[in-house]
There are 2 protein chains.
Amino acid sequence: MIGFEIIETDGEARAGVLKLNGLEIETPVFMPVGTNANVKLMRPSDLENVGVNIILGNAFHLMLKPGLDVIENHGGLHPFMGWKKAILTDSGGFQIFSLAEGSKVSDEGVELRSPIDGSKVFITPEISMKVQKVLKSDIAMVLDQCIPPNVDRKIVEEAVERTYLWALRSKKAMEGSTQAVFGIVQGGTYRDLRVKSARQITSLEFDGYAIGGLSVGEEREKTLNMTEVTVEFLPKDKPRYFMGAGSPDLIVELVGRGVDMFDSVFPTRLARHGAALTWKGRINVRASKYRFDKNPLDEECDCYVCKNFTRSYIQHLLDREEVLGQMLLTYHNIRFMMSFVSKMRKFILEKRFPEFKEKILSVYEKGVRCE
Amino acid sequence: MIGFEIIETDGEARAGVLKLNGLEIETPVFMPVGTNANVKLMRPSDLENVGVNIILGNAFHLMLKPGLDVIENHGGLHPFMGWKKAILTDSGGFQIFSLAEGSKVSDEGVELRSPIDGSKVFITPEISMKVQKVLKSDIAMVLDQCIPPNVDRKIVEEAVERTYLWALRSKKAMEGSTQAVFGIVQGGTYRDLRVKSARQITSLEFDGYAIGGLSVGEEREKTLNMTEVTVEFLPKDKPRYFMGAGSPDLIVELVGRGVDMFDSVFPTRLARHGAALTWKGRINVRASKYRFDKNPLDEECDCYVCKNFTRSYIQHLLDREEVLGQMLLTYHNIRFMMSFVSKMRKFILEKRFPEFKEKILSVYEKGVRCE
């Protein structure tokens, strides 16, 4: 049910097509995050209108609310949320990092605290896979142990070993499923542990491979180095997914290192904070200098928001705390991300990727991130 | 620039067409409220998609924020908010009621407290008309003095007199304008003062007439009686607008008494509180009984929300405080109001209005309002 074809390369950068249950998704691809069965402030029709083909859902959050019974009653996450295109579901591994406080990890699984009511939730590879089967996502992620940056080597070694054992069990639990399954490489910022994890995970032959445990607070230099080290040990013919990258400058660096897929709350969260992504960089629309600015958010953008509203109007909405302001910014920012990856792909096809990369890095200050 | 044609009547109920700057607006008509240059949680394209032809803007709020300079810079409220259909602007008269605390009324005008920063704002008929000229609304309302229910006759008498003087000055200030101007009848719940006010205001020959100062907390019986009294003294060939009615049961009662136009925050506010308007009455979508309900909000509804989402899904969004839940409810509720007035018009054309009225009153409990 999954296929991947590389159309062209420019250096390490790849322009490809991900074939997923009848959909053809051009790569590099950006996946907006829909944690609670919706991409915040976007209706499914809005997502389709801005060109989104695949979004990310989250097994851990959805098993808590609305609960599997409700989603099973609808026949999966697609019909539940009225989304007809592709869904990749995360396993809950990231929550081992983001909800670390009060969590207990053992080889068996992880005990987490529900962010909703503080109750204990036990997740094993088998439970996560069962949840993702009910969600009927197009791509399921194995359960992995995501760790914080700059921790002792001993902890990273353990996490790498556990991530391998959990990948084995995840794969076994998904046997016979028509869902694609991606493995996840860990290894912190230790070069040899990244290599070890990549070798272990790729030996299990997944449909695609994710680079996990990066962009979690470590220096940008390390993010990029560790990506390089990992990619070297991933098969060329499978899609590569860097988990949790959303800023244009980071994505362009990672595409230049051979990564194909990205997800992040970056464009939607930024919108809710009043900022717009443009081809000239990020702008804070709340700033008073836009009060009389009759230009669209981005002159080069073709979206509904840029064709119909001025910066001045959107600033007014933000100033009055009218949620429509955040809605319009979210719509534009996701459209921007779609245009961004699409244009990047065009440059790869034309073997002009370095030119594109330079342009993006010149306007998106390195390290300005919001993941 | 304004014309009004009555196509059919059934008893006092009228089915008409309001011709406004090239637009043909069928009446009875419901106008969603867009106080701060937006209808909350609705993009202009959403409003068009659900069939909205005219919305209400507010002179008082807009002169404070974003300020007239910003709107003038865009050439009016339509281009500022990206809305191509009609706009009726209220004068600020309702704020004399809603922002009564700290306000001072004299024949010259009214001093109000800004709800934004508490500063003093002085409004006269001339100022209100100047503001509405800058807004370039299709219909401007005269400045009137809206008073609370059940106050001393003396106060009502003064308000009626002042409303007349202000109507005169408003009319004079709008001389030469291509905007339509509506007069407003006051008179509280005193039959003779309503008659007096109606006679005074209609003597000034406006493009349409509003019934003001009702549905502000008085008993339903009085609302209806006073409307009857007022309508009797309004010319048959001009549109009649009841200010601030939004619940289907109240609107159907008022249409049955000869009113053509309505506005209210009712459907949008209700949505933000988690309730949906349906042909079987109002439902609280937060209720746990909808957890597994795979039905649309309303089985008879043709809107995007009802075609794509279940009550179960919307309940989940509301439960997780995802604003998309309120967005979907708002979209549906405004669509419901459009279908409601459209169906009511069909019944009037078929001389079956009483049948429609009975049906609505049987499912919308009398007095359940949210204005």
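Trainee: Helices (H or I, at least four residues) and strands (E, at least two) are DSSP runs, numbered from the N terminus. Where is the place of A:Ser215?

Mentor: A:Ser215 sits in the loop between β12 (208-211) and α8 (220-232) of chain A. Its phi is near 55°, a positive value in a residue other than glycine. Please note that this is a predicted model, in which local features need pLDDT of at least 70, side-chain atom pairs count only at pLDDT 80 or more, and totals for chains, interfaces and linings use all residues. Residues are numbered from 1 along each chain as its sequence is written, while chains are lettered from A and ligands numbered from 1 in the order in which they are written.

Trainee: Is A:Ser215 buried or exposed?

Mentor: A residue is buried if 20 or more other C-beta atoms lie within 10 Å of its own, exposed if 12 or fewer, and partly exposed in between, with C-beta atoms placed from the backbone. A:Ser215 counts as buried because it has 24 C-beta neighbours inside 10 Å.

Trainee: And B:Glu321, which also interests me: where is it, and is it buried or exposed?

Mentor: B:Glu321 is in the loop between α12 and α13 of chain B. It has 9 C-beta neighbours inside 10 Å, so it counts as exposed. The phi of B:Glu321 is positive, near 55°, in a residue other than glycine.

Trainee: Moving to the whole chain, how many helices and strands does chain A have?

Mentor: Chain A comes to 14 helices and 16 strands. Its radius of gyration is 20 Å, close to the 21 Å that the globule rule gives for 371 residues, so chain A is as compact as a globular protein of that length. The radius is taken over C-alpha atoms, and the rule is 2.2 Å times the number of residues to the power 0.38. Along the principal axes, the C-alpha atoms of chain A fill a box of roughly 60 × 45 × 40 Å, and buried residues make up 55% of its 371 residues.

Trainee: How is chain A divided into domains?

Mentor: Domain 1 covers 2-264 and domain 2 covers 271-363; such bounds come from an automatic or database domain assignment. The centres of the two domains of chain A, taken over C-alpha atoms, are separated by 27 Å.

Trainee: How many residues of each domain are in contact with the other?

Mentor: Two residues are in contact if their C-beta atoms, placed from the backbone, lie within 7 Å. On that basis, 24 residues of domain 1 of chain A are in contact with 21 residues of domain 2 of chain A. On the domain 1 side, β1 (2-10), β2 (13-20), β4 (29-32) and α9 (248-255) of chain A each supply at least two residues. The largest share, four residues, comes from α9(A).

Trainee: Now the pair of chains: what turn lays chain B on chain A?

Mentor: A turn of 180° and a shift of 0.0 Å along the axis lay chain B on chain A with an RMSD of 0.0 Å. The two copies are thus related as by a two-fold rotation axis. The superposition is by least squares on the C-alpha atoms of residues with pLDDT of at least 70 in both copies.

Trainee: How many residues does the contact take from each chain?

Mentor: The contact takes 33 residues from chain B and 33 residues from chain A. On the side of chain B, the elements that give two or more residues are α1 (44-49), α2 (59-74), α3 (77-81), α11 (304-308), α12 (311-319) and α13 (323-349).

Trainee: B:Met344 caught my eye; which helix holds it, and what does it touch?

Mentor: B:Met344 is found in helix α13 of chain B and is buried, with 23 other C-beta atoms within 10 Å. Not counting residues up to four places away in sequence, B:Met344 touches B:Pro28, B:Val252, B:Val255 and B:Phe356.

Trainee: Where is B:Pro28 found?

Mentor: B:Pro28 is in the loop between β3 (23-27) and β4 (29-32) of chain B. A cis peptide bond joins B:Thr27 and B:Pro28, with omega about 0°. The bond from B:Lys65 to B:Pro66 is also cis, with omega near 5°, and B:Pro66 is in helix α2 of chain B.
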